[in-house]
Amino acid sequence: MNLPSSFPLVKHQKLGCGAVNERSRHLVSTMAEPTNTPMPASTPVPASTPRSSSPLQQYSIPSLTPNATTATIPLWPSTTSSPDTATRKPQRPIVLHIGDPIKYNPDTYAEFNAAFEVIRPPTPERERNELIRALKEKRWGHFSAIFRPFWGTGGEMGRWDAELIDLLPSSVKVFASAGAGFDWADTKLLGERGIIYCNSGLAAAEAVADFSVAMIISTFRHLPWCMNAATFPYLTSSSDARSTFRECHARATAASHNPRGHTLGLIGFGNIGQQIAAKMGNPAFGMKIAYYDVVRKPAAVDSELRATFYEKLEGLMKVSDCVVLCTPASADGRPIITAETFGYLRPGTRFVNIARGSLVDEEALADALDSGVVGAAALDVHMDEPSVNERLVRMATGLGFDDRGQHPGRVMLTCHNAGGTVETHVGFEELSMRNILRVVRDGGEAVTPVNLHWLREKKGV
């Protein structure tokens, strides 16, 4: 199958830690990618990328992993906080680096460090109260960019809201961060201040799509049931392990199906949605692809991916055999998958969420699983991370049939792992640096901006 030039899997080259796309150009889609990378307890859970309505950029992105290496890089001659930073005039633009040192892309960082004076405050200075104090006293001078290359660190200050953003110097042009989600930053306010926010969702898309494939297969083949029956009896001192094994072996067959020929309904058809469509709709799996999005994709995309567009969510839900949620966060934070939405499904439909936990009413999902409206589910993200809904946990871990005759292991539950690969983090680093180089050093367009519409509205364009 020939894929459109805007599609991220068109052409790959092997670079360092993994294969990355060298032709993807349409970087900002109507429904952007969910966040599926590990996050520390000190930062909010940005379980998905809010909608980006920045105009499409008509240029090729740089490779995300040139000369990548997994060796830890020693500290470069960048500076930490200095009392005279605010008074002296830097010879190069200053970049405020929040979080751990660079780990994977030494060549790009050498270029980055040559272009900028990189200041990396220690962890205590990144705590909210101390950060506010530092910004008020202009401890790091008139820096031009904020750089967060990892999602696991650099979020010690919490959400970038008006309290922090209003203290930024007028010299700041760009904020480039790891991760696809950006609930942790008020991108509208940043845009109104003339600051471009760039995410790194493009780097996570393939990992999330791959993980989604595993979850889709799980809903068709009931992998939690099969895995639990083979292992749990031995861990729980059960004396009936052999009969549990035999029961699953005998009875799982009647509940299992091949994905081929079934309709995969994608809620959201951005970068991740299209990658899932390419993987599951190709001859290897042979699924029929349908999608719902607020704006229909170009005809060429629909044609190449053999995807059918539905104008209403209800219509998509009614025809789908498996629904995958890969849409950005709701503007009001409310779920879009509710008891009413589940009511559109045919009995036994499968459900997968790799987007954002807050998009799903988990009690309604548990009810739908209890009633058989949903036959199996898989969730990588959860409403109240790191806690997981107890009813769903029971459905994921049981061994015996319930009083309704429902088989055990109807739910696969994971720990927000979908985007978490080495290759993803290599890309986070690279893409964040390239965004800053493009904007500050080159005076060009950002690679992955998400809030250009707010900048233009402020300027009256």
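**Sheet, helix pair and a buried strand**

Colleague: In what order do the five strands of the open sheet stand?

Modeller: This is a predicted model, and in it five strands form an open sheet with parallel pairing. Read across the sheet, their order is β4-β3-β5-β6-β7.

Colleague: Which strands stand at the edges, each with a single partner strand?

Modeller: One side of each edge strand is left without a neighbour in the sheet, because each has a single partner strand. From one strand to the next the twist averages 20°. The edge strands are β4 (117–119) and β7 (196–198).

Colleague: In β7, what is the bridge partner of phenylalanine 175?

Modeller: Strand β6, which covers residues 174–177, runs parallel to β7 and is joined to that strand by three bridges. Within this pairing, the partner of phenylalanine 175 in β7 is tyrosine 197.

Colleague: Which strands does helix α15 touch where the helix packs on the sheet?

Modeller: Helix α1 (residues 106–115) packs on the sheet as well, touching β3 (94–97), β4 and β5 (145–148), and its direction makes about 105° with that of β4. Helix α15 (residues 422–441) has a direction that makes about 170° with that of β5. The strands touched by α15 are β3, β5, β6 and β7.

Colleague: How are α6 and α9 oriented to each other?

Modeller: Two packed helices are described by the angle between their axes and the distance between the axes. For helix α6 (residues 201–221) and helix α9 (residues 271–280), the axes come within 9 Å and cross at roughly 45°, and the crossing is right-handed. An angle between 35 and 65 degrees is neither roughly parallel nor roughly perpendicular, and α6 and α9 are therefore oblique.

Colleague: How many nonpolar residues does the contact of α6 with α9 have?

Modeller: On the α6 side the contact includes Leu202, Val208 and Ile216, and on the α9 side Ile272, Ile276 and Met280 are among the residues met. By class, the contact also has three polar and three charged residues. The number of nonpolar residues is nine.

Colleague: Is strand β12 largely enclosed or left open by the rest of the structure?

Modeller: Thr349, Phe351 and Asn353 point one way from β12, while Arg350 and Val352 point the other way, and all are buried. β12 pairs in the parallel sense with β11 (residues 322–325) over four bridges, and with β13 (residues 374–379) over five. Because five of the five residues of β12 (residues 349–353) are buried, the strand is largely enclosed.

Terms used:
Residues numbered from 1 in each chain as written. Predicted model: local features only at pLDDT ≥ 70, side-chain atom pairs only at ≥ 80, totals over all residues. Heavy atoms only, no water. Pairing = 2+ DSSP bridges. Helix = DSSP H or I, 4+ residues; strand = E, 2+ residues; numbered from the N terminus. Axes fitted to C-alpha atoms, helices over the stretch in contact; angles between N-to-C directions. Contact = heavy atoms within 4.5 Å. Parallel < 35°, antiparallel > 145°, perpendicular 65-115°, else oblique. Left-handed = near helix turned anticlockwise from the far one by under 90°. Nonpolar A, V, L, I, M, F, W, Y, C, P; charged D, E, K, R; others polar. Buried < 20%, exposed > 50% of the residue type's maximum accessible area, 1.4 Å probe, protein only.
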